[in-house]
Amino acid sequence: MKALLILLAAATAAQAQFQLDSVSGGAESPVAGVFDFGPVTAGAADAVQFRVRNTSTSAASVYNIALAGQGFLLANVPSLPQTLNPQASFDFTVRFQANAAGSYSAVMTPQGISVILTATVAPG
């Protein structure tokens with residue numbers, strides 16, 4: 001299993017709560033459980049923009065975003081730490097590319113949220 005790990009740390013864990021959305025064409029869609037990149041042609045790349053939002057009533061900080069997993073790459077990550085005021089957010093991108101056909105998966109874990117990312121690579 002390929003692993004993608006995003007670690008977010010809050011200034012006060014009891015007060016901080018984050019929401020993860022995917023963003024496409026400016027529209028946000030909540031991400032829950034599993035997010036599928038869909039089919040990707042071998043050697044081609046796909047990218048998904050994600051948004052982390054502080055849904056609490058207090059400022060909270062994101063200290064680290066880490067990535068581990070063949071074919072998955074973080075991009076457009078703002079400098080960290082990021083302090084998010086209530087309802088503030090920041091975006092980052094996860095890119096996927098693999099040359100070998102097969103099924104790929106990753107685990108993305110923002111603060112208190114666990115999401116499995118999947119992608120299927122078809123032969124080129």
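# Exercises on an all-strand model

An open sheet of three strands has the order β3-β10-β9, and its pairing is mixed. The strands β3 (33-41) and β9 (102-108) stand at the edges with a single partner strand each, so one side of each is left without a neighbour in the sheet. From one strand to the next, the twist averages 20°. Please keep in mind that this is a predicted model. The exercises below start from this sheet and then move on to other parts of the protein.

## Exercise 1: The make-up of the chain

Task: Find how many helices and how many strands the protein has, and what percentage of its residues count as buried.

Solution.
- Step 1. Go through the secondary structure: there are zero helices and ten strands. Along the sequence, the pattern reads β-β-β-β-β-β-β-β-β-β.
- Step 2. Turn to burial. The protein has 124 residues, and 37% of them count as buried.
- Step 3. Look at the surface as well. About 6,100 Å² is exposed, and carbon and sulfur atoms supply 50% of that area.
- Step 4. Now consider contacts with a separation of 6 or more: residues 24 or more positions apart account for 69% of them.

## Exercise 2: Following the strand pairs

Task: Work out in which sense β3 and β10 pair, parallel or antiparallel, and then do likewise for β4 and β8.

Solution.
- Step 1. Recall the background: strands of a sheet pair through backbone hydrogen bonds, either parallel or antiparallel.
- Step 2. Begin with β3 and strand β10 (residues 115-122), which pair in the parallel sense over seven bridges. Here Pro 39 stands opposite Thr 120 in β10.
- Step 3. Move to strand β1 (residues 18-24) and strand β4 (residues 45-54): these run antiparallel, joined by six bridges. Leu 20 has Val 52 in β4 as its bridge partner.
- Step 4. Finish with β4 and strand β8 (residues 89-97). They run antiparallel, and nine bridges join them. One place to look is Phe 50, whose bridge partner in β8 is Phe 92.

## Exercise 3: A salt-bridge network

Task: Find how many salt bridges the structure has, and which residues they join into one network.

Solution.
- Step 1. The general idea is that side chains of opposite charge can pair when their charged atoms come close. The cut-off used here is a side-chain nitrogen of Lys or Arg within 4 Å of a carboxyl oxygen of Asp or Glu. By this rule there are three salt bridges.
- Step 2. Take Arg 51 and Glu 28, whose side chains meet at 2.6 Å, N to O. Arg 51 lies in strand β4 and Glu 28 in strand β2 (residues 27-30), so this pair ties together parts that are 23 residues apart in sequence.
- Step 3. Glu 28 also forms a salt bridge with Arg 53, with the closest N and O atoms 2.7 Å apart. This pair links distant parts of the chain, strand β2 and strand β4, with the two positions 25 residues apart.
- Step 4. Next comes Asp 91 with Arg 51, where the closest N and O atoms are 2.6 Å apart. Asp 91 lies in strand β8 and Arg 51 in strand β4, so the pair ties together parts that are 40 residues apart in sequence.
- Step 5. Put the pairs together: shared partners join Glu 28, Arg 51, Arg 53 and Asp 91 into one network.
- Step 6. Check the burial of each member. Arg 51 is buried, at 15% relative accessible area, and Arg 53 counts as buried at 16%. Glu 28 is partly exposed at 32%, and Asp 91 is partly exposed at 23%.

## Exercise 4: The aromatic cluster

Task: Decide which kind of aromatic pair Phe 35 and Phe 37 form, and whether these residues are buried or exposed.

Solution.
- Step 1. Start with the count: the structure holds eight aromatic pairs.
- Step 2. For Phe 35 and Phe 37, the ring centres are 5.9 Å apart and the planes meet at 90°. Planes over 60 degrees apart count as edge-to-face, and this pair is edge-to-face.
- Step 3. Check accessibility: Phe 35 and Phe 37 are both buried.
- Step 4. Widen the view. Ring pairs link Phe 35, Phe 37, Phe 50, Phe 72, Phe 90, Phe 92, Phe 96 and Tyr 104 into a cluster.
- Step 5. Connect this with Exercise 2: Phe 50 and Phe 92 belong to the cluster, and they are also bridge partners.

Technical notes
Residues are numbered from 1 along each chain as its sequence is written. This is a predicted model: local features need pLDDT of at least 70, side-chain atom pairs count only at pLDDT 80 or more; totals for chains, interfaces and linings use all residues. Side-chain values use heavy atoms; hydrogens and water are left out. Rings of Phe, Tyr and Trp (its six-membered ring) pair if their centres lie within 6.5 Å; planes under 30 degrees apart count as stacked, over 60 as edge-to-face and the rest as tilted. Buried means under 20% relative accessible area, exposed over 50%, partly exposed in between (1.4 Å probe, protein chains only). Two strands pair if DSSP finds at least two bridges between them. Helices (H or I, at least four residues) and strands (E, at least two) are DSSP runs, numbered from the N terminus. Axes are lines fitted to C-alpha atoms, for helices over the stretch in contact, and angles run from 0 to 180 degrees between N-to-C directions. Contact means heavy atoms within 4.5 Å. Accessible areas come from the Shrake-Rupley method with a 1.4 Å probe; for residues, only the protein chains shown count as cover.
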